[in-house]
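Biologist: I am new to reading structures. Could you take one part of this one and walk me through it closely, in short steps? I would like to see how that part sits among its neighbours.

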There are 2 protein chains.
Amino acid sequence: MSGSRHEDLPDSVGAIGERGLIEAVTALLSGGPDVLLGPGDDAALVRVGGGADGREVLVSTDMAVEGRHFRRDWSTAEDVGHRIAAANLSDVAAMGGTATTVVVAIAAPGDLPTRWALDLTQGMLAESQLVGASIVGGDVVESDRLTVAVTVLGACAGPVVGRGGAEPGDVVAVAGRLGWAAAGLAVLSRGFRSPRAVVDAHRRPEPPYAQGPVAAAAGATAMIDVSDGLLADLGHLAAAGSVGIDLTSSSLEVAEPLLAVGAALGVDPLELVLRGGDDHALAATFPPGADLPAGWRQVGLVAGGEGVTVDGAAPGGALGHRHY
Amino acid sequence: MSGSRHEDLPDSVGAIGERGLIEAVTALLSGGPDVLLGPGDDAALVRVGGGADGREVLVSTDMAVEGRHFRRDWSTAEDVGHRIAAANLSDVAAMGGTATTVVVAIAAPGDLPTRWALDLTQGMLAESQLVGASIVGGDVVESDRLTVAVTVLGACAGPVVGRGGAEPGDVVAVAGRLGWAAAGLAVLSRGFRSPRAVVDAHRRPEPPYAQGPVAAAAGATAMIDVSDGLLADLGHLAAAGSVGIDLTSSSLEVAEPLLAVGAALGVDPLELVLRGGDDHALAATFPPGADLPAGWRQVGLVAGGEGVTVDGAAPGGALGHRHY
């Protein structure tokens with residue numbers, strides 16, 4: 001290979017950034033006859049075994065690094081296990097699928113308590129069992145930086161729902177909580193431990209796993225799990241579908257604990273709802289006039305154009321989100 | 001959960017060790033109706049999608065940490081990519097299967113050259129293409145410790161071959177090189193760069209991928225990939241099958257470059273063959289009187305008892321192996 005194609009890229013991982021590097025790496029991948037849906041969605045869809053009897057399998061992988069994605073002083077080992085598993089399991093739900101199989105690789109410092117690693121595993125097991133998935137194997141290596149890589153396999157009973165299918169006129173709807181985990185993170189970041197409801201939401205998100213297959217069966221045209229924040233993740237849906245999305249702020253539920261956190265910390269609770277990630281709510285688009293399934297609430301509409309607006313106006317500020 | 005079951009375990013990851021922690025974690029896993037072969041083999045075999053039409057899928061995951069499993073000053077990024085992919089792809093071959101799908105998670109320091117990450121990917125891609133597998137997705141995160149987690153999916157066209165099926169009287173045979181990568185490691189560890197053949201074998205092992213399905217079709221009763229060394233990995237086969245294995249030293253080929261390294265470094269080249277890992281040769285057992293397929297050579301016999309002997313005697317020293 002030659003590096004000539006890479007010469008115009010920023011020259012370090014820090015400069016190109018995680019997303020930039022993901023895009024550059026993805027550009028190298030070439031697919032294949034058994035790659036039905038490649039990189040760039042919540043999970044890939046592949047045919048394993050080849051041929052007409054090959055089974056379509058969803059697969060997604062994620063890596064969590066201590067100090068960046070979780071902190072041992074903010075969460076118990078079991079909490080971290082729940083959280084890391086939830087982030088992966090919800091990627092399969094966001095395709096309209098159900099996770100069946102989990103493998104885990106753990107890089108652990110020598111001074112990590114054995115108990116911590118086992119409790120982490122228990123947390124991942126308990127979260128996986130919520131969807132009926134089994135942890136079937138993994139790897140353990142010593143490293144000075146505690147790192148957990150999880151890969152989830154799953155399957156769709158019905159249609160697979162990618163990110164790119166939204167059409168102008170479609171209804172935008174969400175299932176699950178928005179802003180709760182971000183409110184918990186805001187509280188913990190300032191040294192507090194309450195309101196307990198939002199701290200718990202940060203430690204153990206409650207993704208609406210079952211709503212993924214429900215939305216697929218109801219005809220969802222596109223779907224994503226909200227891990228980076230509603231604005232950012234709807235931005236991904238809009239970009240993948242070459243459409244615009246307009247949110248109606250009055251339809252976004254701001255729950256009581258978020259009002260309390262907003263008041264206590266001097267932040268706008270609607271910003272938590274719009275930008276907070278890690279609750280792993282599901283956001284999907286449905287054809288005009290579709291009956292939304294129970295558990296889904298309309299929050300906006302798909303339009304022409306591009307990007308995400310709120311009440312017709314561009315939202316201010318960055319769309320990003322810290323994941324701790 | 002309660003930690004009462006864990007109280008008699010060594011209290012840190014360093015004290016319990018990688019293998020000990022893998023065993024303790026594995027003891028927590030409970031399987032399930034769609035887990036056909038759980039942890040403890042080269043790969044797990046699961047049914048994804050459930051029900052009679054569920055497809056049987058092999059899955060295996062491994063994590064490689066810089067400074068422990070690879071060194072940037074000893075290998076190019078492409079070499080590291082080849083090596084990490086090979087270690088995973090050969091796990092599927094060792095079940096009698098063929099890998100179809102690879103996902104990769106990379107934790108990279110901010111000062112890692114972008115080019116290094118892309119060349120790593122190219123190496124993994126090229127190695128995966130040797131067996132027709134596609135890289136379909138992954139994750140990139142920043143971390144101060146360069147770490148690569150790879151998960152491979154695959155399938156068996158014929159029977160799945162686990163570790164536990166060896167019977168007394170079976171023939172023990174190997175396919176692929178033994179001791180070459182260890183010789184390369186020994187050379188590099190002493191600051192040398194030749195013989196080039198063994199250094200290259202360390203940097204880019206050449207697992208005999210196709211021999212996995214070949215052995216399965218020929219009736220192999222048990223199989224493993226030699227990643228920890230022949231003695232150690234046959235020890236795993238012996239333990240899983242509750243049998244003993246006796247190797248015949250005269251049947252173990254000691255190639256010329258290994259003789260040269262042995263002479264230059266003052267090590268017994270047979271020790272490299274017996275204890276060297278990371279060539280990812282395949283070791284398998286076949287029923288008595290079976291015609292060994294081309295590419296396989298008999299190196300011993302399965303007997304009653306337990307453990308691994310060489311010419312009827314217990315080998316001295318530890319069975320372990322450094323992986324750099």
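Modeller: Here is a close look at the sheet of chain B, followed by its surroundings.

Keep in mind that this is a predicted model. Start with the layout. Six strands of chain B form an open sheet, in the order E1-E2-E3-E6-E4-E5. The pairing is mixed. Which strands stand at the edges? They are E1, residues 35-37, and E5 of chain B. Each has a single partner strand, so one side of each is left without a neighbour in the sheet. From one strand to the next, the twist averages 25°.

Now go to strand E6(B), residues 147-155. In the order of the sheet, E6 sits between E3 and E4. How do E3(B) and E6(B) pair? They run antiparallel and are joined by eight bridges. One of these pairs can be found by eye: Ala64(B) has Val148(B) of E6(B) as its bridge partner. On the E4(B) side, the pairing with E6(B) is also antiparallel. Here there are nine bridges. Look for Thr101(B), whose bridge partner in E6(B) is Leu153(B).

Is E6(B) enclosed or open? Nine of its nine residues are buried, so the strand is largely enclosed by the rest of the structure. A residue counts as buried when 20 or more other C-beta atoms lie within 10 Å of its own. Follow the side chains along E6(B). Thr147(B), Ala149(B), Thr151(B), Leu153(B) and Ala155(B) point one way. Val148(B), Val150(B), Val152(B) and Gly154(B) point the other way. Both sets are buried.

Move out to the edge at E1(B). Two bridges join E1(B) to E2(B), and the two strands run antiparallel. Val35(B) is bridged to Val46(B) in E2(B).

Next come the helices. Helix H2 of chain B, residues 77-93, packs on the sheet. There H2 touches E3, E4 and E6 of chain B. Its direction makes about 30° with that of E6(B). H3(B) lies across E4 and E5 of chain B. With E4(B), H3(B) makes an angle of about 170°.

Parts of this sheet also face the other chain. How many residues of chain B are in contact with chain A? There are 74, and they meet 75 residues of chain A. The elements that give two or more residues to this side of chain B include strands E2, E3, E4, E5 and E6, and also helices H1 and H3. E5(B), the edge strand, gives the most, with nine residues. By class, this side of chain B has 37 nonpolar, 25 polar and 12 charged residues.

How are the two copies related? A turn of 180° with a shift of 0.0 Å along the axis lays chain B on chain A, with an RMSD of 0.0 Å. The copies are thus related as by a two-fold rotation axis. Both copies use the same surface, since 99% of the contact residues of chain B recur in chain A. Which residue of chain B comes closest to the rotation axis? That is Arg55(B), with its C-alpha at 2.6 Å.

One residue shows the meeting of the chains from the other side. Leu21(A) belongs to helix H1 of chain A, residues 13-28. With 26 C-beta neighbours inside 10 Å, Leu21(A) counts as buried. Beyond its neighbours within four places in sequence, Leu21(A) is in contact with Val13(A) and Ile16(A). Leu21(A) is also in contact with Thr114(B), Ala117(B) and Val140(B). Find Val140(B) in E5, residues 134-142, and Thr114(B) and Ala117(B) in H3, residues 114-130.

Finish with helix H2 in the other copy. Chain A is divided into domain 1, residues 31-155, and domain 2, residues 171-310. Between them, 19 residues of domain 1 are in contact with 17 residues of domain 2. H2 of chain A gives the largest share of the domain 1 side, nine residues. Ala93(A) lies in this helix. It is buried, with 33 other C-beta atoms within 10 Å. Away from its neighbours in sequence within four places, Ala93(A) is in contact with Pro207(A), Tyr209(A), Gly212(A), Asp225(A) and Leu282(A).

Note on methods. Residues are numbered from 1 along each chain as its sequence is written. Chains are lettered from A and ligands numbered from 1 in the order in which they are written. This is a predicted model: local features need pLDDT of at least 70, side-chain atom pairs count only at pLDDT 80 or more; totals for chains, interfaces and linings use all residues. Copies are superposed by least squares on the C-alpha atoms of residues with pLDDT of at least 70 in both. Two residues are in contact if their C-beta atoms, placed from the backbone, lie within 7 Å. Helices (H or I, at least four residues) and strands (E, at least two) are DSSP runs, numbered from the N terminus. Ala, Val, Leu, Ile, Met, Phe, Trp, Tyr, Cys and Pro count as nonpolar, Asp, Glu, Lys and Arg as charged, and the others, Gly among them, as polar. Two strands pair if DSSP finds at least two bridges between them. Axes are lines fitted to C-alpha atoms, for helices over the stretch in contact, and angles run from 0 to 180 degrees between N-to-C directions. Domain bounds come from an automatic or database domain assignment. A residue is buried if 20 or more other C-beta atoms lie within 10 Å of its own, exposed if 12 or fewer, and partly exposed in between; C-beta atoms are placed from the backbone.
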